[in-house]
Amino acid sequence: MPFVPKGFELVIILIIVIIIFGPKAFPKLGKSIGQGVKGLRKGLESGKEKIDEKFDEVEEKKAEEAAAEEVEAEVEDVAAEADEAEAAEEGEAAPAKRVVKVKRVAKTDDEPAEESAE
């Protein structure tokens, strides 16, 4: 269990620090400790922001992949229905499933991704 100074113990530690560093150096010591704590907090916040950004990128990529799979499934369903309807009009048996390739067009930040069936 870690040692945590309380009350009287803290006062004794402060007195020892004043004796070792002297009363003139005590404000400088306090200032440098304060700057160190401030720098540590700033570094922790920066690291947290970077982790959050990376997490958002991963979540966005997962959402895009899920949307692409959904669109691909819809295109396959529509193609199968079209084949069945065409076969019914001609009086033939329904053909085997046709493979439909979906070409994904790159998107920019301003416009959504476009998908086209070939």
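I16 is placed in helix α1 of this predicted model. Its relative accessibility is 44%. I16 therefore counts as partly exposed, since that class lies between the 20% and 50% limits. I16 also belongs to a nonpolar patch on the surface. The other members of this patch are F8, I12, I20 and F21. Together, the five residues F8, I12, I16, I20 and F21 have about 540 Å² of accessible area.

Helix α1 spans residues 8-90. The protein chain has one helix, accompanied by two strands. Read from the N terminus, the order of elements is α-β-β. The helix thus comes ahead of both strands along the protein chain.

Charged side chains were examined next. The structure holds one salt bridge. The partners are K54 and E57. Their closest N and O atoms are 3.9 Å apart. This pair qualifies because a salt bridge requires such atoms within 4 Å. Both K54 and E57 lie in helix α1. They are three residues apart, which is about one turn of the helix. The two partners fall into separate accessibility classes. K54 has a relative accessibility of 53% and so counts as exposed, the cut-off being over 50%. E57 has a relative accessible area of 48%, so E57 is partly exposed.

A negative patch also occurs on the surface. Its members are E65, E69, E70, E72, E74, E76, D77, E81 and E84. One of them, E81, is found in helix α1. The relative accessible area of E81 is 53%. E81 is therefore exposed, as this value is over 50%.

Values for the whole protein chain complete the description. The protein chain has 118 residues, and 4% of them count as buried. Its accessible surface comes to about 10,600 Å². Carbon and sulfur atoms account for 60% of that surface. Contacts were also sorted by separation along the protein chain. Among contacts with a separation of 6 or more, 22% join residues 24 or more positions apart.

Note on methods:
Residues are numbered from 1 along each chain as its sequence is written. This is a predicted model: local features need pLDDT of at least 70, side-chain atom pairs count only at pLDDT 80 or more; totals for chains, interfaces and linings use all residues. Side-chain values use heavy atoms; hydrogens and water are left out. Patches are made of residues with over 30% relative accessible area and no salt bridge: like charges are joined within 9 Å, nonpolar side chains (Val, Leu, Ile, Met, Phe, Trp, Tyr) within 5 Å. Accessible areas come from the Shrake-Rupley method with a 1.4 Å probe; for residues, only the protein chains shown count as cover. Lys and Arg count as positive and Asp and Glu as negative; His and the chain ends are not counted. The place of a charge is taken as NZ of Lys, CZ of Arg, CG of Asp or CD of Glu. Helices (H or I, at least four residues) and strands (E, at least two) are DSSP runs, numbered from the N terminus. Buried means under 20% relative accessible area, exposed over 50%, partly exposed in between (1.4 Å probe, protein chains only). Contact means heavy atoms within 4.5 Å.
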